[in-house]
Structure formats: structure tokens, C-alpha cells
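Take a look at the chain below. We will walk through it in short steps, beginning with its aromatic side chains.

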Amino acid sequence: MNPEKTASVYNTKFQKKWMVSCDEAEKIIIDFLKNRQEGKQW
């Protein structure tokens, strides 16, 4: 577990809280992978 991550998987708003706890580089990677999964060009 990463101590800087504060989201709990049992929380209904897990994804939103997880994104808030991510730093800028992690958010860029997540957006890139999400767009790649949807078939969008980056």
C-alpha cells in the first residue's frame, strides 16, 4: 500500500478520492491509459 493514497476501496467514491490523492504525473498516465483504452489518439 502507498501511504500517500488515502482512498478506501470500500468507499462509494473511491475513484474520485483516489484521483485527488494522485500527483500530476500519475494523473497524466491515468488519462493516457484511459484514452488509449477508448481508442483515442493522444
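This is a predicted model. It holds one aromatic pair. The partners are Phe 14 and Trp 18, with ring centres 5.7 Å apart. Their planes meet at 35 degrees. An angle under 30 degrees would count as stacked, and one over 60 as edge-to-face. The angle here falls in neither range, so the pair is tilted. Two values are enough for such a description: a pair of aromatic rings is described by the distance of the centres and the angle of the planes.

Where do Phe 14 and Trp 18 sit along the chain? Both belong to helix H1, which covers residues 14-21. They are four residues apart, so about one helical turn separates them. The general rule is that an α-helix has 3.6 residues a turn, so residues three or four places apart point the same way.

Are the two rings' residues buried or exposed? The answer lies in between. Phe 14 has a relative accessible area of 26%, so it is partly exposed. Trp 18 is at 29% and is partly exposed too. The limits that matter are 20% and 50%: buried means under the lower one, and exposed means over the upper one.

Stay in helix H1 and move on to Val 20. Its relative accessible area is 64%, so Val 20 is exposed. Its C-alpha atom lies 8.9 Å from that of Thr 6, although 14 residues separate the two along the chain.

Ser 21 is also in helix H1. With a relative accessible area of 18%, Ser 21 is buried, because the cut-off is 20%. What does Ser 21 touch, leaving out residues up to four places away in sequence? Its contacts are Glu 4, Lys 5 and Thr 6. The C-alpha atoms of Ser 21 and Lys 5 are separated by 5.5 Å. Along the chain, these two are 16 residues apart.

Now turn to helix H2, which spans residues 24-37. H2 has 14 residues. From first C-alpha to last it reaches 20 Å, close to the 20 Å expected at 1.5 Å a residue. Gly 39 follows H2 and has a positive phi, near 85 degrees.

Leu 33 lies in H2. At 43% relative accessibility, Leu 33 is partly exposed. It contributes to a nonpolar surface patch along with Ile 29 and Phe 32. The patch comes to about 260 Å².

Finally, step back to the whole chain. Its secondary structure comes to two helices and zero strands. The chain has 42 residues, and 12% of them are buried. It exposes about 4100 Å². Carbon and sulfur atoms supply 55% of that area.

Methods. Residues numbered from 1 in each chain as written. Predicted model: local features only at pLDDT ≥ 70, side-chain atom pairs only at ≥ 80, totals over all residues. Heavy atoms only, no water. Patch = residues over 30% accessible without salt bridge, like charges linked within 9 Å, V, L, I, M, F, W, Y side chains within 5 Å. Areas by Shrake-Rupley, 256 points an atom, 1.4 Å probe, with all protein chains shown as cover. Salt bridge = Lys/Arg side-chain N within 4 Å of Asp/Glu carboxyl O. Buried < 20%, exposed > 50% of the residue type's maximum accessible area, 1.4 Å probe, protein only. Phe/Tyr/Trp six-rings, centres within 6.5 Å; stacked < 30°, edge-to-face > 60°. Contact = heavy atoms within 4.5 Å. Expected span 1.5 Å × (residues − 1).
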